[in-house]
Amino acid sequence: RDGSKFYVDIMLNQMEIDGELFGIAIVRDYTLLKKAEDKIRLELEFEKRQALTDHLTGIMNRRAFTTQLTDEIAQLEQHGTPFAVSFIDLDDFKDINDEYGHLVGDEVLTEVAASLQSNLRQTDILGRYGGEEFIILAKHADKNIIMQLAKRCQRSIQQLSIRTDQNKTINITASFGVTVVCHEQSMRQAIKQADDAMYQAKRLGRNLIVLSDETEGVVAIPAG
């Protein structure tokens with residue numbers, strides 16, 4: 001009467017009485033059972049999402065990202081669909097934690113994640129790989145596309161300004177290692193190639209984008 005939805009289970013049978021067949025319908029209200037089942041299903045779905053989400057930033061965690069990367073490598077092998085990976089490490093992040101505390105460090109990580117996400121295409125995937133490390137999977141991307149994407153993300157991070165309780169401003173930079181994933185590379189090899197390029201950016205002075213390319217070798221791009 002109040003317009004609410006309810007669920008029933010109907011069992012049909014027939015019975016012969018004095019030579020005549022009668023149809024019998026047994027109707028059972030199982031609304032409470034259905035609601036309980038739906039609640040359990042939603043809780044399981046939530047737990048699954050939580051298991052694949054970085055709790056601080058709300059983006060994919062390492063486990064979820066590597067699963068996506070493995071799937072993308074399979075697509076590359078089957079259909080030749082190109083993609084690229086960018087490994088990102090915040091510069092001098094330990095100094096931020098040491099000077100301002102982990103709560104400020106957490107705020108920096110959250111702001112950086114939001115900044116990166118806002119510069120991605122709809123098909124791109126962002127994950128937190130661990131600590132102050134982030135990783136991007138850029139689908140249908142060659143080296144030009146991934147470099148443009150990395151430059152946008154780098155500029156966006158540089159424009160962040162985090163204010164502390166002591167009224168100090170924290171400026172952030174990051175080092176990027178980018179690579180286009182090739183045939184016959186495993187998930188580990190693809191990540192290592194981008195990671196090695198990132199460490200090369202660190203060695204060359206930080207706040208750089210380093211492209212690891214099969215034809216051009218290592219190419220460093222300064223901030224700008």
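1. Start with Asn167. At 55% relative accessibility, Asn167 is classed as exposed. The model is a predicted one. Asn167 sits in the loop between strand S6 (161-163) and S7. Its phi is near 65 degrees, a positive value in a residue other than glycine. Most residues other than glycine have a negative phi. This loop residue therefore deserves a look in the viewer, as it is exposed at 55%.

2. Asn171 belongs to strand S7 (residues 169-171). Asn171 is exposed too, because its relative accessible area of 60% lies over the 50% cut-off. Asn171 and Ser161 are ten residues apart in sequence, yet their C-alpha atoms are 5.6 Å apart in space.

3. Asp92 is another residue to check for its backbone. Asp92 is not a glycine, but its phi is positive, about 55 degrees. The residue lies in the loop between strand S3 (83-90) and helix H3 (93-100). Is Asp92 buried, partly exposed or exposed? Its relative accessibility is 42%, so Asp92 counts as partly exposed.

4. The hairpin of S1 and S2 comes next. Strand S1 (residues 8-17) pairs with S2 in the antiparallel sense, over ten bridges. Within that pairing, Met15 stands opposite Phe22 in S2. Two residues lie between the strands, and in this hairpin Asp18 takes a positive phi near 50 degrees. Strand S2 (residues 20-29) is hardly covered. Of its ten residues, the number buried is zero.

5. Now strand S9 (residues 208-213). How many of its six residues are buried? The count is six of six, and the strand is mostly covered. Cover comes on both faces. On one side the buried residues are Leu208, Val210 and Ser212. On the other side they are Ile209, Leu211 and Asp213.

6. S9 has a parallel partner. Strand S8 (residues 174-180) and S9 pair in the parallel sense over four bridges. Val178 has Leu211 in S9 as its bridge partner. The chain passes from S8 through H6 to S9, and this β-α-β crossover is left-handed. I would look at this connection by eye.

7. Helix H4 (residues 102-118) is plain in its dimensions. H4 has 17 residues and spans 24 Å from its first C-alpha to its last. That is close to the 24 Å expected at 1.5 Å a residue. Which residues of H4 are buried? They are Val104, Gly105, Val108, Leu109, Val112, Ala113, Ser115 and Leu116.

8. The largest pocket has a volume of about 160 Å³. Two elements give two or more residues to its lining: helix H2 (62-79) and helix H6 (187-203). H6 supplies the largest share, five residues. H6 is also the helix through which the chain crosses from S8 to S9.

9. Which residues line that pocket? The lining is made up of Arg62, Thr66, Phe87, Tyr129, Glu133, Met187, Arg188, Ile191, Lys192 and Asp195. By character, the lining residues divide into four nonpolar, one polar and five charged.

10. Points to revisit in the structure. For positive phi, look at Asp18 in the hairpin of S1 and S2, Asp92 and Asn167. For burial, set S2, with zero buried residues among its ten, beside S9, with six of six buried. For the chain path, follow the left-handed crossover from S8 through H6 to S9.

Notes:
Residues numbered from 1 in each chain as written. Predicted model: local features only at pLDDT ≥ 70, side-chain atom pairs only at ≥ 80, totals over all residues. Heavy atoms only, no water. Buried < 20%, exposed > 50% of the residue type's maximum accessible area, 1.4 Å probe, protein only. Pairing = 2+ DSSP bridges. 1 Å grid on protein atoms, 1.4 Å probe; cavity = no way out; pocket = protein on both sides within 12 Å on 5 of 7 lines; lining within 4 Å. Points joined across faces, edges and corners; volume = space filled by probe spheres on them. Nonpolar A, V, L, I, M, F, W, Y, C, P; charged D, E, K, R; others polar. Right-handed = clockwise from strand over helix to strand, strands pointing away. Expected span 1.5 Å × (residues − 1).
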